[in-house]
Amino acid sequence: MDVLEAILTRNAQGKLELPAPDKSALDKAFSCALRAPDHQVLRPWRYLVIQGEGLKRLAELYVSASIAVEPDISSEKIEKLRKMPLRAPMIVVAITAYKADPKVPREEQLLSSGAGIQNFILALHGLGFTSMWRTGPLTENPGVKKGLGLADNEHISGFVYVGTPHSDAKKIVHPPLADFVSDWK
Ligand SMILES: Cc1cc2nc3c(=O)[nH]c(=O)nc-3n(C[C@H](O)[C@H](O)[C@H](O)COP(=O)(O)O)c2cc1C
């Protein structure tokens, strides 16, 4: 698949199943992530791959970390948290690792990290896999950050769910370009 086709046909799917990418496919996708534009070549990112039993441990981490910040959390919410990581056979936690640099503010490092995630999900699509970039309050939860081993300078920029869809792809909408693009007069 060429790069334009990959960009125009990529589609997020909420429910993903096996197969997930093997080590060789994953290495290719991470190599693409690491080619993101990157001011001063700070490489302000790292990735954690979670699959198999790790997804169940992640679910338990979600539960304990959520109870810690919301002691009277409802049992419905707990059940929802427990099911969350099981929506795909693999989750890649995309971490922005901010570096101290006089020329590159955090905003630029976050943009670079986001570009890396986009490269990653496009590469996965080109390799025949589907993904969904998710965030939400768990990215900021102190217990989740600690349990995943984040340092003080690190931020979760995405839980990227990865696998293979077993339902039809969503219809892709292409909004009118003129709504977003104009000549400067
Ligand atoms: C930074 C970021 C965070 C996102 N977080 C969520 C999320 O928590 N839940 C969700 O349903 N979609 C989230 N999305 C959107 C989906 O990944 C996806 O882009 C959206 O469903 C549209 O589908 P498409 O990418 O196939 O156009 C997020 C996207 C970005 C860029």
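In this predicted model, a backbone N or O atom of Trp133 lies 2.7 Å from an oxygen atom of the ligand. Ala12 makes an approach of this kind: one of its backbone N or O atoms sits 2.7 Å from a ligand oxygen. For Thr135, the distance from a backbone N or O atom to an oxygen of the ligand is 2.9 Å. Taken alone, the ligand exposes 610 Å². The protein buries 52% of that area.

The shell around the ligand is drawn from separate parts of the sequence. Arg10, Asn11 and Ala12 belong to it, and so do Met132, Trp133, Arg134 and Thr135, together with Lys170. By character, these residues divide into 3 nonpolar, 2 polar and 3 charged.

Asn11 is one of the residues around the ligand. Its place is the loop between helix H1 (3-9) and strand S1. The relative accessibility of Asn11 is 11%, so the residue counts as buried. A polar atom of the Asn11 side chain lies 2.8 Å from the backbone oxygen of Lys170. Lys170 is itself listed around the ligand. Neighbours within four places in sequence aside, Asn11 is in contact with Thr130, Ser131, Ala169, Lys170 and Ile172.

A second site of interest follows strand S4. Thr139 is found in the loop between S4 (130-134) and helix H6 (142-147). Thr139 has a relative accessible area of 5% and is therefore buried, the limit being 20%. A polar atom of its side chain lies 2.8 Å from the backbone oxygen of Gly136. With neighbours up to four places away left out, Thr139 is in contact with Lys145, Ile156 and Phe159.

Helix H6 also holds Lys146. Lys146 is exposed, at 70% relative accessibility. Lys146 and Ala65 are 81 residues apart in sequence. Their C-alpha atoms are 9.3 Å apart in space.

Helix H2 spans residues 23-33. Its buried residues are Ala25, Leu26, Ala29, Phe30 and Ala33. They lie on the same side of H2, because they cover an arc of only 130° around the helix axis. An α-helix has 3.6 residues a turn, so residues three or four places apart point the same way. The buried residues of H2 pack against three elements: strand S2 (45-51), strand S3 (90-97) and helix H5 (106-126).

Gly116 is located in H5. Its relative accessible area is 0%, and the residue is buried. Gly116 touches Ala33, Ala36 and Tyr47, residues up to four places away in sequence not being counted. Ala33 is among the buried residues of H2. Tyr47 falls within the range of S2 (45-51). Gly116 and Val104 are 12 residues apart along the chain. The separation of their C-alpha atoms is 16 Å.

Backbone geometry stands out at several loop positions. Before H2, a cis peptide bond joins Leu18 and Pro19, with omega at about 5°. Pro19 is found in the loop between S1 (16-17) and H2.

After H2, two residues have positive phi. Gln40 is not a glycine, yet its phi is near 65°. Gln40 is found in the loop between H2 and S2. With a relative accessible area of 41%, Gln40 is partly exposed. Val41 lies in the loop between H2 and S2 as well. Val41 has a positive phi of about 50°, although this residue too is not a glycine. The relative accessibility of Val41 is 51%, so Val41 counts as exposed, for which a value over 50% is needed.

Conventions: Residues numbered from 1 in each chain as written. Predicted model: local features only at pLDDT ≥ 70, side-chain atom pairs only at ≥ 80, totals over all residues. Heavy atoms only, no water. Near = heavy atom within 4 Å. Polar contact = N/O pair within 3.5 Å; in protein donor to acceptor, adjacent residues only side chain to side chain. Areas by Shrake-Rupley, 256 points an atom, 1.4 Å probe, with all protein chains shown as cover. Nonpolar A, V, L, I, M, F, W, Y, C, P; charged D, E, K, R; others polar. Buried < 20%, exposed > 50% of the residue type's maximum accessible area, 1.4 Å probe, protein only. Helix = DSSP H or I, 4+ residues; strand = E, 2+ residues; numbered from the N terminus. Arc of directions from axis to C-beta. Contact = heavy atoms within 4.5 Å.
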